[in-house]
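Me: Could you take a close look at one loop for me, starting from a residue with an odd backbone angle? Once that part is clear, please work outwards and tell me what else in the model goes with it.

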Amino acid sequence: MIRGIYMKFTLNWLKKHLDTQASVEEITDALTDLGLELEDISNPAERLREFTIGKVLKAEKHPDADKLKVCQVATDEGEKQIICGAPNAREGITVVIAKPGVYVPGIDTTIGVGKIRGVESHGMMCSEREMELSEEHDGIIELPSGEVGDSFADWLAKNDPARVDPVIEIAITPNRPDALGVAGIARDLAARGLGTVITPAIEPVPGTFPCPISVSIDEDTLDGCPVFYGRLIKGVKNGPSPQWLQDALKAIGLRPISFLVDVTNFFTYDRNRPLHVFDADKVAGNMLRVHRAEGGETLMALDDKDYTFNKGDMLISDANEPESIGGIMGGLASGCTEETVNVFVESAYWNPIQIAYTGRALKINSDARYRFERGVDPEFTPVGLEAATAMILEYAGGEASEVVVAGETPDHSRAYKLDTDRVQSLVGMSIPADEQRRTLEALGFRLEGDMAHVPSWRPDVMGEADLVEEVARIASLTKLEGKPMTRPAGVSKPILTPMQKREGTIRRTIAALGYNECVTYSFIDQKTAALFNGGDQATALENPISQDMSHMRPALLPGLLQAAARNQARGYMDLALFEVGLAFHGGEPGEQHLLATGLLTGSTGPKDVHGARRAVDVFDVKADIEAALNSIGAPAKAQILRGANDWWHPGRHGMICLGPKKVLGIFGEVHPKILREMDVKGPAMAFTIWPEEVPFPKKAATSREALHLRDLQAVERDFAFVVNADVEALTLVNAAAGSDKTLIEEVRVFDEFIGGSLGEDKKSIAITVRMQPTEKTLTDEEIEAVAAKVVDKVTKATGGTLRG
């Protein structure tokens, strides 16, 4: 089964196709640079690097324990005493030592110096399970060779390399099906200069008798399966695969089943050539027919599930019933078992689009489907059959029949002109013409003059520009140097639009506040989009890359929450992320809007001796959104209202508005139900700004306005109001601020008292109102008049009373 859009292989497997001395780091760096991005690397040798080889000089019974032995062990630090309970601990054996300070993964323990039944022990002699090499734990490891003090990882690399073979996992883009085989990856690395491709000769295996099983393809199915190769191998002995094959499959996460099945899995990953094997004795009528389903046929597949087919699905049937889902998965009834003695090997080419249709309809994910729907090499179809035949005969014996063929290999030959000057114009790199030609030849292109013939394994190369891309990719786009474009005469200097300048300003401001910028996909899944009032048909993509990218995003917050979830899953809990980009409220041109969104999770900083660390709260994002709005010239006086969308916490958010319909931004806590749906550990605080809603100044200026300082004394008055317990402080603040917009500069809450003599359903909120005169000092009468307006406005807005 596929595990996502990734490809796994081991270093030793790669070296069967690439003669190289490059290190793992050099290979992985080159792969990412070539467009085969590294996802993960597992290097067992690094985990075992601190373990060393020792030799038991003496082993005596422990004075206080029958099953323990006191061993004197030669190590690179001299003779050490180690207590061991293994039954095979004895004098003269070569062992693996974990010295004090070494972490032992199998028991999740760091070894220290300790006493066991009163006797000191300075280390540990390890078993295979303790080192996570296998489940063997009946005794400690006994090595047949090795010098005292040598690295055990180095010993394994020399004597049992499969145990420490690094496993590399790379992401494969949909346009690179050739990289779904180790041979294709080796070809790219060789073209980069990291070694030489090893091309083993695959000689045709002569058949000694006519194949008793006939193959046919219905006329209406030739567009889906243009060619089908097969042959019978009789007298095979199926059983466990050779150890090298089992090790290779296990390393990439596949379970060895039996040799005949493992051969098909091997070539799927080795050469991107899916195969299938039928137990020939179970094929009724000695015939296989490739045809389209009438609709309603059923088959129990190799995944032990029953499938019912739709009209037009491609099947392989014998004389009685379907035996395989063409290009996707075989049937259980005709599958090979250890009792199989006669096997029919299939190597066919299937149309990518029709495989995708059937796979999606049946909801089957398999390695075969994954490769066929992206495109395999059609010309390797008969060669893959010959390679599999040779391997089966070598390890399972038997006698091969002549090859039977139905249909014809499709002709994918095409050629495009190589214009060596276009690299400079399209990519901006200067690459010598001879080097460009060598690059394409190393990638398998055949050059005739200026015409480059595309190899059959590269369905993605469809024009001259693709040739340029291949040349630039191998040369490395990291060598691309930014150069200013020459300015033709009469062309005015470029200028940014006011909105582009505003976008840059808000981006720099939020980054300066300590946020890390993210660039997330504009596509998200329908379920997530629906959480943010999106996910409707208007924003659905006609041909999405995957189900996780089916709709245009209605907001930036979903992408940031997904990024936070991924970081939290890796142990990074304290996050400050932001993004500036477009969100979409429809599918037509212009149905988009610019947003700037920030997200805080976790705590304000690391633990310290002063206890300053605390969880982020609403006031953190309130301060940040105010700073961001201020940087783009938003009016200082704005209302903060409730009523935002339901992905915000209903009681812990605020909308910064210029009136009830002019929303500049929203800040607050993300609703807990949203965090649960998106697997984010909360609480999480966020803000969103609509830069396009912030009014531009009426007069354009090239410099900042002069600072206006007031030379008149400001006046502050405190008020305490008794209101119902459910009245929000924000309502009271907005009412007070609106009572005299000319004189009142600021209103802030400084106290809240609940219960007591006020009663259970009442509370007292105390505010400070700051009045700033602009023309003359305020008189007592003027101050009292403003105070009366404040009391009147708050009383009407909240139903409260001034506390006496």
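**A loop residue and what follows**

Reply: Glu132 is partly exposed, at 46% relative accessible area. Keep in mind that this is a predicted model. The reason to start here is the backbone: Glu132 isn't a glycine, yet its phi is positive, at about 60°. Most residues other than glycine have a negative phi. As for where Glu132 sits, the loop in question runs between strand S12 (124-125) and H4.

Follow that loop to its far end and you reach helix H4, residues 152-159. Ser151 caps the N-terminal end of H4, with a side-chain oxygen 3.3 Å from the backbone nitrogen of Ala153. Ala153 is itself one of the buried residues of H4, alongside Phe152, Trp155 and Leu156. Those buried residues take up an arc of only 160° around the axis, so they sit on the same side of H4. And what lies over them? The cover includes helix H3 (44-47), strand S4 (52-62) and strand S7 (94-98).

H2 makes a handy companion to H4. In this helix, residues 24-33, the buried set is Val24, Ile27, Thr28, Ala30 and Leu31. Looking down the axis of H2, you find them within an arc of 160°, which means they line one face of the helix. Their cover includes strand S1 (6-10), helix H1 (11-15), strand S3 (38-42), strand S13 (167-171) and helix H5 (182-192). Just after H2 comes another positive phi, about 100°, this time at Gly35.

Back to the non-glycine cases: Arg117 also has a positive phi, about 55°. Its loop lies between strand S10 (114-116) and strand S11 (119-121). Is Arg117 buried or exposed? It counts as exposed because its relative accessibility is 54%, and the cut-off for exposed is over 50%.

Another loop worth a look holds Asp223, between strand S15 (214-217) and strand S16 (227-234). Asp223 is partly exposed, with a relative accessible area of 46%. Leaving out residues up to four places away in sequence, Asp223 touches Arg292, Asn351 and Gln354. With Gln354 there's a side-chain to side-chain polar contact at 3.1 Å. Asn351 is 128 residues from Asp223 along the chain, but their C-alpha atoms are separated by 7.1 Å.

Further along, Thr439 belongs to helix H12, residues 433-442. Thr439 counts as buried, since its relative accessibility is 9%. Setting aside neighbours within four places in sequence, Thr439 is in contact with Glu470, Val471 and Ile474.

H14 gives you a simple geometry check. This helix has 15 residues, 498-512, so at 1.5 Å a residue it should span 21 Å, and the end C-alpha atoms are indeed 21 Å apart. Buried in H14 are Met499, Arg502, Gly504, Ile506, Thr509 and Ile510. They pack against strand S33 (575-584), strand S34 (592-601), helix H17 (618-631) and strand S38 (684-689). Just after H14, Gly514 has a positive phi of about 105°.

S38 leads to one more backbone oddity. Pro683 is placed in the loop between helix H18 (672-677) and S38, and the peptide bond from Gly682 to Pro683 is cis, with omega near 0°. For context, most peptide bonds are trans.

What about the nonpolar interior? The largest nonpolar core has 109 residues, and Leu189, Phe228 and Phe344 touch the most other members. Apart from that core lies another, of 27 residues, including Leu600, Ile625, Leu629 and Val694.

Last, the cysteines. How many disulfides does the structure hold? Zero. Take Cys84: the closest cysteine sulfur is in Cys71, 5.5 Å away, so the pair is too far apart for a bond. The cut-off for a disulfide is 2.5 Å. Cys84 counts as buried, at 6% relative accessibility, and Cys518 is buried too, with a relative accessible area of 14%.

How values were computed:
Residues are numbered from 1 along each chain as its sequence is written. This is a predicted model: local features need pLDDT of at least 70, side-chain atom pairs count only at pLDDT 80 or more; totals for chains, interfaces and linings use all residues. Side-chain values use heavy atoms; hydrogens and water are left out. Buried means under 20% relative accessible area, exposed over 50%, partly exposed in between (1.4 Å probe, protein chains only). Helices (H or I, at least four residues) and strands (E, at least two) are DSSP runs, numbered from the N terminus. The expected span of a helix is 1.5 Å times one less than its number of residues. Contact means heavy atoms within 4.5 Å. The arc is that of the directions from the helix axis to the C-beta atoms. A polar contact is a pair of N or O atoms within 3.5 Å; within protein, one must be able to donate a hydrogen and the other to accept it, and residues adjacent in sequence count only if both atoms are side-chain atoms. A nonpolar core is a set of buried Ala, Val, Leu, Ile, Met, Phe, Trp, Tyr and Cys residues joined through side-chain atoms within 4.5 Å.
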